[in-house]
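Reader: I would like to understand how the descriptive terms for this protein are justified. Could you take me through the reasoning behind them?

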Amino acid sequence: FGGKRSTRWFKRKYHRLVMAPEILYLASASPRRRELLGQIGVRFEPRPVTVDESRQPREAARDYVLRLARAKAETAWALVSRGVPAAVLAADTAVAVGDSILGKPRDRSEALAILEQLSARTHDVFTAVALRIDGGATALAKVVDCELRLSTLPVPLVGFAVDFAGNRGADETVVLPRQLLT
């Protein structure tokens, strides 16, 4: 900026954005998201919310996760905003194979079927993050994506991965050996 006058203008215009919130609310029940925030030393309070996760007709995976992350941030914001500087962080992730979005498996057999479907195929992972801050009219949001290709997964390894994830919690990450990513 250009000196004291510009700095004063910036602070007047954006003071609510640069004020540190007293608390960060995490609009998620995900143990993994809690773990990630804890690893970087962020203090937060979990505020899981439920939103309609139905996919709109012909909605692209990128638009789907963006809409859900924003909806979660706005829903949590409505519950926690009480005049105290605060922020709400929300996220949503989807795995897509072509035009299909893979849902969370309901049981072991669905988890096995999903991993077998991903075996030796390329798929996309989309994650949207939304941040609702005090003074902002809407949630700020960003989508990142990556394309992954798994090698052919041996059936015993697929079963092991599903059993391992089931023992750790349905929403936790299973790390497969790097050799399986091509």
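Author: What follows is a set of questions and answers on this model, which is a predicted one.

Reader: What makes β3 a partner of β1, and in which sense do the two strands run?

Author: Two strands count as paired if at least two bridges are found between them, and strand β1 (residues 23–26) has 4 bridges to strand β3 (residues 86–97), so the pair meets that criterion, in the parallel sense. Among the bridge partners, I23 is matched with A86 of β3, and Y25 is matched with V88 of β3.

Reader: How do you know that β1 also pairs with β2?

Author: The cut-off is again at least two bridges, and β1 is joined to strand β2 (residues 45–46) by 2 bridges, so this parallel pair qualifies as well. Y25 takes part here too, with E45 as its bridge partner in β2.

Reader: Which elements make up the β-α-β unit, and what is its handedness?

Author: The unit consists of β1, helix α2 (residues 31–39) and β2, and it is right-handed. The term applies because, with the strands pointing away from the viewer, the path from the first strand over the helix to the second runs clockwise.

Reader: Why is β3 called largely enclosed?

Author: A residue is buried when its relative accessible area is under 20%, and 10 of the 12 residues of β3 are buried, so the rest of the structure largely encloses this strand. For the protein as a whole, buried residues make up 32% of the 182 residues.

Reader: Which antiparallel partners does β3 have?

Author: With strand β5 (residues 122–133), β3 shares 10 bridges in the antiparallel sense, and A90 has A130 as its bridge partner in β5. With strand β4 (residues 100–102), β3 shares 3 bridges, also antiparallel, and there A96 is matched with I101. The hairpin of β3 and β4 has 2 residues between the strands, and G98 in this hairpin takes a positive phi near 65°.

Reader: How do you know where the buried residues of α4 lie around the helix?

Author: The buried residues of helix α4 (residues 108–118) are A111, L112, I114, L115 and L118. They cover an arc of only 160° around the axis, which means that they lie on the same side of α4. Just after α4, A120 takes a positive phi of about 60°.

Definitions and conventions. Residues are numbered from 1 along each chain as its sequence is written. This is a predicted model: local features need pLDDT of at least 70, side-chain atom pairs count only at pLDDT 80 or more; totals for chains, interfaces and linings use all residues. Side-chain values use heavy atoms; hydrogens and water are left out. Buried means under 20% relative accessible area, exposed over 50%, partly exposed in between (1.4 Å probe, protein chains only). The arc is that of the directions from the helix axis to the C-beta atoms.
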